[in-house]
Amino acid sequence: MIDVRDLCFSYGQTPVLRHVSFRIGRGERAVLLGRSGLGKTTLLHLLCGLLQPEQGTIHVPARLGVVFQEDRLIPGLTAADNIRLVCPGLPETELAALAGSLELTPYLGQRPAALSGGQKRRVAIARALAFDCGALLLDEPFKGLDPAIRQQTARCIAGRLAGRPLLLISHDPEDASLLGARLLRLEELNHPGG
């Protein structure tokens with residue numbers, strides 16, 4: 001479960017998140033929408049423990065599968081080794097199935113520099129999906145994907161949740177439709193007045 005209560009965070013004197021509360025239960029999918037600069041990525045960093053809240057509580061599983069806005073791939077490793085980085089014991093059959101569902105099979109032996117932006121994005125998604133975690137947090141995972149690949153990637157994500165809660169951050173409400181997810185609008189969750 002992901003449970004956020006009365007969360008507040010500022011950068012210096014600039015309030016970003018004010019009294020934000022929401023809950024995503026086991027197996028539930030939610031898409032967090034909001035315009036740029038509203039604090040969506042800040043919220044993800046708070047959920048990951050990369051930032052500390054000024055106020056409020058955050059309860060998330062100890063192990064999180066995360067896709068950040070940047071792909072964060074290791075340049076010297078192949079795509080396959082970037083995926084295995086978080087699960088060294090991943091069986092070859094599971095790696096092959098995951099790569100196949102994301103149309104990555106021809107690229108597993110290539111390093112990130114040889115991959116397109118969309119291919120890198122799918123490697124980052126594969127790595128998060130392969131990780132043995134209690135929840136998935138995905139920041140703009142469909143960035144740079146053409147419509148057909150985007151739909152296929154959404155099907156792959158939905159098919160591999162295995163009861164884990166999913167929070168996907170996006171600018172596009174269509175992402176909620178693709179995943180059969182509940183919409184959370186940060187503008188409505190954020191209460192600047194307290």
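Two strands pair if DSSP finds at least two bridges between them. Keep that in mind for the first views of this predicted model.

**View 1. Strands β1 and β2 side by side.** Seven bridges join β1, which covers residues 2-11, to β2, and the two run antiparallel. Want to trace the pairing yourself? Start with I2, whose bridge partner in β2 is I24, and then look for S10, which stands opposite P15. The two strands form a hairpin with two residues between them. In that turn, G12 has a positive phi of about 60°.

**View 2. The open sheet of three strands.** Here the order is β2-β1-β4, with antiparallel pairing. Strands β2 (14-24) and β4 (55-59) are the edge strands, so named as each pairs on one side only. Neighbouring strands in this sheet are turned by 25° against each other on average, direction ignored. As for β1 and β4, four bridges join them, and they run antiparallel. One place to spot this pairing is D3, opposite H59 in β4.

**View 3. Helix α1 on the sheet.** Residues 40-48 make up helix α1, which packs on the sheet and touches β1, β2 and β4. The direction of α1 makes about 120° with that of β1. Is β1 itself mostly covered or uncovered? Seven of the 10 residues in β1 are buried, so the strand is mostly covered.

**View 4. Two rings, F9 and Y11.** A pair of aromatic rings is described by the distance of the centres and the angle of the planes. The model has one aromatic pair by the rule used here. The ring centres of F9 and Y11 are 4.9 Å apart and their planes stand at 85°, so this pair is edge-to-face. The surroundings of each residue are worth a look too: F9 is buried, at 7% relative accessibility, whereas Y11 is partly exposed, with a relative accessible area of 44%.

**View 5. R72 over a ring.** Look in the loop between β5 (64-67) and α2 for R72. This arginine lies over the face of F68, 3.8 Å from the ring centre. R72 has a phi near 55°, which is positive even though the residue is not glycine. With a relative accessible area of 42%, R72 is partly exposed.

**View 6. E103 in its loop.** E103 sits in the loop between α3 and α4. Its phi is near 55°, again a positive value in a residue other than glycine. At 40% relative accessibility, E103 counts as partly exposed.

**View 7. The largest nonpolar core.** This core has 39 residues, and I83, I157 and L179 touch the most other members. Elements giving two or more residues to it include β3 (29-33), α2 (79-84), α5 (147-159) and α6 (174-179). Which element gives the largest share? That is α4, with seven residues.

**View 8. Around L179, and the other core.** Leaving aside neighbours within four places in sequence, L179 is in contact with R29, V31, F142, A154, I157, A158, L166 and L168. Apart from the largest core lies another one, of 26 residues. Among its members are F22, A30, L47 and V66.

Terms used
Residues are numbered from 1 along each chain as its sequence is written. This is a predicted model: local features need pLDDT of at least 70, side-chain atom pairs count only at pLDDT 80 or more; totals for chains, interfaces and linings use all residues. Side-chain values use heavy atoms; hydrogens and water are left out. Axes are lines fitted to C-alpha atoms, for helices over the stretch in contact, and angles run from 0 to 180 degrees between N-to-C directions. Contact means heavy atoms within 4.5 Å. Rings of Phe, Tyr and Trp (its six-membered ring) pair if their centres lie within 6.5 Å; planes under 30 degrees apart count as stacked, over 60 as edge-to-face and the rest as tilted. Buried means under 20% relative accessible area, exposed over 50%, partly exposed in between (1.4 Å probe, protein chains only). A charge sits over a ring if NZ of Lys or CZ of Arg is within 6 Å of the ring centre and within 35 degrees of the ring normal. A nonpolar core is a set of buried Ala, Val, Leu, Ile, Met, Phe, Trp, Tyr and Cys residues joined through side-chain atoms within 4.5 Å.
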